[in-house]
Amino acid sequence: MSTSGAVFAADKWVNPAPYPVGMDTWFGTVYNTTAQHDYRLRVGGWGDMYNTLLHFDLSGLPQVADRAYLWLYAINEGTPTNINWSRIGKQWQSSTVGSSDFPLPSNVLFPVGTTIAPTPWQWYRVEFTSIYNTWRSSGGYKNYGLYLAPVSNNNNYSSFYSSTQGG
C-alpha cells in the first residue's frame, strides 16, 4: 500500500449511444445529405464534404477530469484526411440533422483545433480535457457535442466505426 497520499480514480468509458442523450451520425453535402446511421462515421469526401457529429451523455461522470480522451477506431476507406474539430453550440437530433443544418454560423460552431489524419485499423485518440471540464462545470457552455469536418476532401476519407457497430 502506498503512503504517498496519491488518489487514483477508475477509468470511465462512455459510448455516444444510446439516443437521444448520446448520439453519433454523419452526413454529406451532396450525397447522403441527411443523418446516416450505419456502421461508420465519415469525415472527408471527393468534392463533396462528409461531416461527423458526436454527442455524449456525461451524467454520472466526474465534474472534473484529470484527462479526457475521445477514442475512435479508424477504418480504411481511402486516403485519410486531417480533421477540423469544433464544439457545437446548439441542440441537434441525430434523427433529423443534415447538411442543411451545418456548417453553422460562427456564433454556434466554435473551432477547437485540428488533428492529424488517423491511421486505418488503429485507435485514434484525441485529448479534450478542457472541453469536457468546461461542459461539466456549472458556469461552462452546454454540452451539445462535437463537429468533425475534413481538412481535405480531394478523395480523402477518415472513417471510424460508429457506436452502432458496437464495442
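**Exercise 1. Determine which residues S162 touches, leaving aside those up to four places away in sequence, and describe its setting in this predicted model.**

Solution.
Step 1. Leaving aside residues up to four places away in sequence, S162 is in contact with D24, D38, Y39, R40 and L41.
Step 2. Along the chain, S162 belongs to the segment that follows strand 9.
Step 3. The side chain of S162 comes to 2.7 Å from the backbone oxygen of D38.
Step 4. The relative accessible area of S162 is 6%. Buried means under 20%, therefore S162 is classed as buried.

**Exercise 2. Establish how many helices and strands the protein chain has, and in what pattern they follow one another.**

Solution.
Step 1. The protein chain contains 1 helix and 9 strands.
Step 2. Along the sequence, these elements appear as β-β-β-β-β-β-β-α-β-β.
Step 3. Consider next the contacts between residues at least 6 apart in sequence: 79% of them join residues at least 24 apart.

**Exercise 3. Decide whether helix 1 (residues 129–136) is largely enclosed or not, and identify what covers its buried residues.**

Solution.
Step 1. The buried residues of helix 1 are T129, I131, Y132, N133, W135 and R136.
Step 2. Because 6 of the 8 residues of helix 1 are buried, the helix is largely enclosed by the rest of the structure.
Step 3. The cover over these buried residues includes strand 5 (83–88), strand 6 (109–115), strand 7 (123–127) and strand 8 (146–150).

**Exercise 4. For N32 and then for N155, state where the residue lies, what its phi is, and whether it counts as buried, partly exposed or exposed.**

Solution.
Step 1. N32 is found in the loop between strand 1 (23–28) and strand 2 (40–46). Phi of N32 is near 55°, a positive value in a residue other than glycine.
Step 2. N155 lies within strand 9 (residues 154–161). Phi of N155 is near 60°, and here too a residue other than glycine has a positive value.
Step 3. The partly exposed class lies between the cut-offs of 20% and 50%. N32 has a relative accessibility of 32%, so it counts as partly exposed. N155 has a relative accessibility of 32%, so it also counts as partly exposed.

**Exercise 5. Find what percentage of the residues of the protein chain count as buried, and describe its accessible surface.**

Solution.
Step 1. The protein chain has 167 residues, and 43% of them count as buried.
Step 2. Its accessible surface comes to about 9200 Å². Carbon and sulfur atoms account for 53% of that surface.

Methods:
Residues are numbered from 1 along each chain as its sequence is written. This is a predicted model: local features need pLDDT of at least 70, side-chain atom pairs count only at pLDDT 80 or more; totals for chains, interfaces and linings use all residues. Side-chain values use heavy atoms; hydrogens and water are left out. Helices (H or I, at least four residues) and strands (E, at least two) are DSSP runs, numbered from the N terminus. Buried means under 20% relative accessible area, exposed over 50%, partly exposed in between (1.4 Å probe, protein chains only). Contact means heavy atoms within 4.5 Å. Accessible areas come from the Shrake-Rupley method with a 1.4 Å probe; for residues, only the protein chains shown count as cover. A polar contact is a pair of N or O atoms within 3.5 Å; within protein, one must be able to donate a hydrogen and the other to accept it, and residues adjacent in sequence count only if both atoms are side-chain atoms.
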